[in-house]
Amino acid sequence: MDSIHRKRDKSLGIFELIAIALGGMVGGGIFTILGISVSMIGAYTPIAIILGGIIASFAAYSYIKLGVYYQDEGATYSFFKRTYTNSDFAISLIGWWVIFGYISTLALYSYTFSSYALSSSSFANDDFIRKILAGVIILVFTLINIWSVKGMGKIEDIMVYTKLVILVIISFVLINNSNTTIPILLENSKNVEFSAILIVASITFVAYEGFQLVINAVNEMENPKRNIPLAIYSAIALAILIYVVISLGAILAISFEDIIANKEYALASGANKVLGHWGNDLVIIGALLATSSAISGTLFGASRQMSVIANDGFFPSFLSKRNKYNIPTNAIMMMAFLAFCLILSGSLKLILEFGSVTFLIVSLLMAIANFKIRDKTDSSIYPTILSIILLSGSTILIIYYEFKVEFEQMLFIIFLYILLTIFAWIYSKKRVINNLS
């Protein structure tokens, strides 16, 4: 019997599943988005974060319905393949896009980890050392994921819930030591246009990327019909709460100039001014835990998708191989290797934008797929249509923002899409030839 259909070890409980989702969401995103958001809309940042969470919740609706109906660890890729059965090229294309979207975020999380880890050392400005350390942390979590599903789940629990406690403590301390008030901040931000808030909400939506990783663990969980929606909605609600509290603490205690100047280091900078060096150290620990759990959760979920895609013939066949515990070791190692290659390329900011656009487009495709088979997934037509509208609008807004503000990044994204499309076409044709023979 095929290794994908072996008996699974149902070792992941609801807390591990929530941790996997939060690990994928509360990674490096909030640290970079905070500076961008404050520079664009100032005190309205928490509102944009809430709107981004609402959009993510509607996106999650379709993922949950499809996840419960198909119960396939291939998640995004498999949902598309099983809904649209007659287009090998389209199926291959979404597989390549999704996996490389995850690889880009894996590279970002790893590089962010190394940047924070070295921020107070003499190697803080040594880019080569940062990249080597990023490779080392990827290797560590590659070995953990290969070692044991249960071990990964327990470690993910510890990292995720510890980082949440640390980030909440720091945020409330900053709020308690605020040097201004919300009404004053809003008065200073009165010229902000609503369209700008919507654009930031679309960008912030990227910080919720990761909730769908829960579905990749469907073969390692009990009662998917109950645990998939419970884990995903719980994780999104907690992420919204954490992001709002963090943003409030930042804008109340740290000057907008410092947030914009420091960007991903804004919380550490603010904590250092309010609490001294121990506050800075505590934020760094929180950031290291945040990026670590994101690395682990992304490796876990995306490697399983890569294995499923390879098993269908759209990736090299050796990536489908699994060990006796059903762990896709080759896929895990390949994801780690490609992420490290991206780190060495030095184009992480560009690749992050590729991941952002990809996640929005793929979420939109999932909403459309769910609409197509809404009777089978027992989906209500209203939230399904609303999710399509929200995701379409968000995709248009973020692309508009990229063209207007980051045009060179947009050109790179287009180039990367073309490259991946070529590979997807080659493997789709190769699969057709193999099937005929």
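Q: Which elements of the protein chain have the lowest and the highest mean pLDDT?
A: Helix 12 (residues 266-275) has the lowest, 69, and helix 16 (residues 374-377) has the highest, 94. pLDDT is the predictor's confidence in each residue, on a scale from 0 to 100. Helices are DSSP runs of H or I with at least four residues, strands are E runs of at least two, and both are numbered from the N terminus. This is a predicted model, in which local features need pLDDT of at least 70, side-chain atom pairs count only at pLDDT 80 or more, and totals for chains, interfaces and linings use all residues. Residues are numbered from 1 along each chain as its sequence is written, and side-chain values use heavy atoms, without hydrogens and water.

Q: What is the pLDDT over residues 1-8, and how many contacts does this stretch have beyond near neighbours in sequence?
A: The pLDDT there is below 50, and the stretch has 13 such contacts in the model. A contact means heavy atoms within 4.5 Å. The protein chain averages a pLDDT of 82, with 90% of the residues at 70 or above.

Q: Why is helix 13 described as largely enclosed by the rest of the structure?
A: Buried means under 20% relative accessible area, exposed means over 50%, and partly exposed lies in between (1.4 Å probe, protein chains only). Of the 35 residues of helix 13, 29 are buried, so the helix is largely enclosed.

Q: How do you know that the length of helix 13 is close to the expected one?
A: The expected span is 1.5 Å times one less than the number of residues. Helix 13 (residues 277-311) has 35 residues and reaches 51 Å from its first C-alpha to its last, close to the 51 Å expected. After helix 13 comes G313, with a positive phi near 95 degrees.

Q: Why is A369 called buried?
A: A369 has a relative accessible area of 0%, so it is buried. A369 is part of helix 15. Neighbours within four places aside, A369 contacts L66, T83 and Y84. The C-alpha atoms of A369 and L66 are 8.5 Å apart, although 303 residues separate the two along the chain.

Q: Is T329 buried or exposed, and what makes it count as such?
A: T329 is buried, because its relative accessibility is 16%. T329 sits in helix 14. Beyond four places in sequence, T329 is in contact with I146, K321 and N323.

Q: Why does Q71 count as partly exposed?
A: Its relative accessibility is 38%, so Q71 counts as partly exposed. Q71 lies in the loop between helix 3 (45-70) and helix 4 (75-83). Q71 is not a glycine, yet its phi is positive, about 45 degrees.

Q: What makes N223 count as partly exposed?
A: N223 has 43% relative accessibility, so it counts as partly exposed. N223 belongs to the loop between helix 9 (194-204) and helix 10 (224-253). N223, not a glycine either, has a positive phi of about 50 degrees.

Q: What makes a space a cavity, and what makes it a pocket?
A: On a 1 Å grid over the protein atoms alone, a cavity is a set of points where a 1.4 Å probe fits but cannot get out. A pocket is an open set with protein on both sides within 12 Å along at least five of seven lines. Lining residues have an atom within 4 Å of a point. Grid points are joined across faces, edges and corners, and a volume is the space filled by probe spheres set on the points.

Q: How many cavities of 30 Å³ or more does a search of the whole structure find?
A: The search finds 2. The largest cavity has a volume of about 80 Å³, and the second largest has about 30 Å³.

Q: Which elements give two or more residues to the lining of the largest cavity?
A: Helix 5 and helix 15 do. Helix 15 gives the largest share, 4 residues. Among the lining residues are Y63, T76, Y102, E209 and F359.

Q: Which residues line the second largest cavity?
A: G24, Y102, T105, Y109, E209, G210, L213 and T298 line it. Helix 5 supplies the largest share, 3 residues.

Q: What classes of residue line the second largest pocket?
A: Ala, Val, Leu, Ile, Met, Phe, Trp, Tyr, Cys and Pro count as nonpolar, Asp, Glu, Lys and Arg as charged, and the others, Gly among them, as polar. On that basis, the lining has 18 nonpolar, 2 polar and no charged residues. The second largest pocket holds about 340 Å³ of space. Of its 20 lining residues, W96, F100, L338, L420 and F423 are the closest to its centre. Helix 18 gives the most to this lining, 6 residues.
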